[in-house]
Number of protein chains: 2
Amino acid sequence: MSKVEAKRAFSSKKADAILSAALQEFSAHGFTAATMSQVAATAGVSKATIYSHFDDKENLFVALVKKMAQQKASTPFWEQMLQGDPRKVLPLLLSKALDTITSDSTLLAFKRLIIGESGRFPKLAQIFVCNMSKPSLEILSQYLATQPYLKFADPEATARVVVGTIVYYTQMQEMLHGKEIIPMDKERLVATLVHMVLSSAEPLQSEDSP
Amino acid sequence: MSKVEAKRAFSSKKADAILSAALQEFSAHGFTAATMSQVAATAGVSKATIYSHFDDKENLFVALVKKMAQQKASTPFWEQMLQGDPRKVLPLLLSKALDTITSDSTLLAFKRLIIGESGRFPKLAQIFVCNMSKPSLEILSQYLATQPYLKFADPEATARVVVGTIVYYTQMQEMLHGKEIIPMDKERLVATLVHMVLSSAEPLQSEDSP
DNA sequence: GTCTATAAGTAGATAGAC
DNA sequence: GTCTATCTACTTATAGAC
């Protein structure tokens with residue numbers, strides 16, 4: 001990659017270090033409580049260097065969210081898992097999704113940040129929705145809509161129920177520290193959700209008798 | 001109520017005004033960005049008066065959350081709605097719940113605040129879960145478990161799916177400003193969710209043939 | 001109990017040396 | 001391009017008058 005291209009993509013060694021530090025600091029303390037001095041220290045640069053790369057604190061925050069949005073929009077993983085019989089695929093997928101989401105504490109803190117600042121930075125919340133929520137809903141909805149032996153009356157709405165259940169569970173248990181207050185076994189939830197999804201579909205034609 | 005009782009309940013005219021102002025300011029700007037000067041101005045008192053009622057800023061925040069938790073834990077409304085045939089009750093209840101949640105912008109901002117600060121104030125997040133989330137789940141779970149003509153394999157998990165769907169929808173559409181990005185008609189979601197809940201239950205015995 | 005005035009500290013942002 | 005040193009504004013919290 002040429003120097004010009006690197007410049008166009010806003011990526012340099014220092015800038016990356018700054019954005020990485022910004023992720024840490026903003027996630028840990030929130031937008032306002034995070035200080036430019038601490039971001040500089042974590043990034044191993046001076047404050048002045050930050051200001052030479054980013055206009056101001058707000059701008060740094062915007063750049064961070066945009067970077068995370070395009071980086072974490074890794075849908076290919078889900079797409080390759082969503083193939084085959086829902087009775088086999090859904091339990092595995094949802095179980096795996098729950099494990100992945102609950103174990104990524106960096107992403108957890110980042111989501112706290114986005115939601116917490118969504119009132120003051122609506123545009124950034126929309127970037128998050130556009131790049132991270134929308135693709136998940138669309139991929140799952142698409143999968144449900146194209147099942148050969150199952151007819152879902154409203155695949156889009158069904159996808160909302162599925163994703164909503166997963167997201168709500170992780171928010172309650174992990175994000176809001178509700179594990180001990182409202183305990184719920186992960187597999188119980190997955191089993192119930194899968195059962196609800198499958199029983200709501202009409203069998204389109206018997207797969208045993210062609 | 002005697003003066004002593006009023007004191008015991010930590011309620012005085014000034015303290016109430018301060019807590020009310022704190023709700024506004026913290027909700028609008030977040031914990032750190034909200035200033036004690038602005039809280040004082042909104043409450044119509046001086047900063048020193050705030051510090052005579054509450055030890056410090058953090059303490060004021062804690063007092064606010066505790067007050068909101070006991071005030072907004074208004075379950076009696078839902079309890080009286082949850083009576084009768086689920087096929088009639090659930091559509092009405094869920095539709096009403098969505099309307100109520102999406103229209104209360106004060107509560108919306110407060111939830112942003114709780115989630116945003118849940119990393120730095122885990123205890124407050126737990127108070128929220130304990131007083132606002134847990135009761136909803138329990139009441140709905142109880143209702144599902146006691147249906148005479150429907151047998152739910154796991155009422156608790158089913159309640160998670162229902163509440164999760166509702167909460168996720170309001171978070172996406174309202175909290176994160178996703179209305180135009182991922183539009184979804186409210187009634188479509190309710191219809192699909194109700195269908196999924198009912199179709200997942202086993203008919204316990206015919207209600208037409210006793 | 002409540003206010004005015006102020007102390008003490010820290011934030012974001014920049015000027016100028018290298 | 002990056003750093004050190006600094007400026008200005010604002011924050012929490014309090015001391016002392018009423």
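**Two protein chains on two DNA strands**

I would like to begin inside chain B, where Phe61(B), Val62(B), Val65(B), Lys66(B) and Ala69(B) of helix H5(B) meet Leu124(B), Ile127(B) and Asn131(B) of helix H9(B), contact here meaning heavy atoms within 4.5 Å. By class, the residues of this contact are six nonpolar, one polar and one charged; in this scheme Ala, Val, Leu, Ile, Met, Phe, Trp, Tyr, Cys and Pro count as nonpolar, Asp, Glu, Lys and Arg as charged, and the others, Gly among them, as polar.

Before going further, I should say that this is a predicted model, in which local features need pLDDT of at least 70 and side-chain atom pairs count only at pLDDT 80 or more, while totals for chains, interfaces and linings use all residues. Residues are numbered from 1 along each chain as its sequence is written, chains are lettered from A and ligands numbered from 1 in the order in which they are written, and side-chain values use heavy atoms, with hydrogens and water left out.

Returning to the helices, H5 (residues 57-71) and H9 (residues 122-145) of chain B pack at an angle of about 5°, with their axes 9 Å apart. H5(B) and H9(B) are therefore roughly parallel to each other, a label given to angles under 35 degrees, whereas those over 145 are roughly antiparallel, 65 to 115 roughly perpendicular and the rest oblique. The axes are lines fitted to C-alpha atoms, for helices over the stretch in contact, and angles run from 0 to 180 degrees between N-to-C directions; the helices themselves (H or I, at least four residues) are DSSP runs, as are strands (E, at least two), numbered from the N terminus.

How is chain B related to chain A? Chain B can be laid on chain A with an RMSD of 0.0 Å by a turn of 180° and a shift of 0.0 Å along the axis, when the copies are superposed by least squares on the C-alpha atoms of residues with pLDDT of at least 70 in both. That is the relation of a two-fold axis, and in chain B the C-alpha nearest this axis belongs to Gly116(B), at 1.9 Å. Because 100% of the interface residues of chain B are also interface residues in chain A, the copies meet through the same surface.

Now to the DNA. Around strand D there are 16 residues, the closest being Ser46(A), Thr49(A), His53(A), Lys47(B) and Tyr51(B), where near means that a heavy atom of the residue lies within 4 Å. Sugar and phosphate make up 62% of the atoms of DNA strand D that come within 4 Å of the protein.

Turning to polar contacts, which are pairs of N or O atoms within 3.5 Å, a polar side-chain atom of Lys47(B) lies 2.8 Å from a base nitrogen of DNA strand D. Side-chain N or O atoms also approach phosphate oxygens of DNA strand D, at 2.8 Å for Tyr51(B) and at 2.9 Å for Lys57(B).

Finally, of the 15 residues around DNA strand C, Met36(A), Lys47(A), Tyr51(A), Lys57(A) and Thr49(B) come nearest, and sugar and phosphate account for 64% of the strand C atoms within 4 Å of the protein. A polar backbone atom of Met36(A) is 2.9 Å from a phosphate oxygen of DNA strand C, and a side-chain N or O atom of Lys57(A) is 2.8 Å from a phosphate oxygen of that strand. From chain B, a backbone N or O atom of Ser46(B) lies 2.9 Å from a phosphate oxygen of DNA strand C.

Notes
A polar contact is a pair of N or O atoms within 3.5 Å; within protein, one must be able to donate a hydrogen and the other to accept it, and residues adjacent in sequence count only if both atoms are side-chain atoms.
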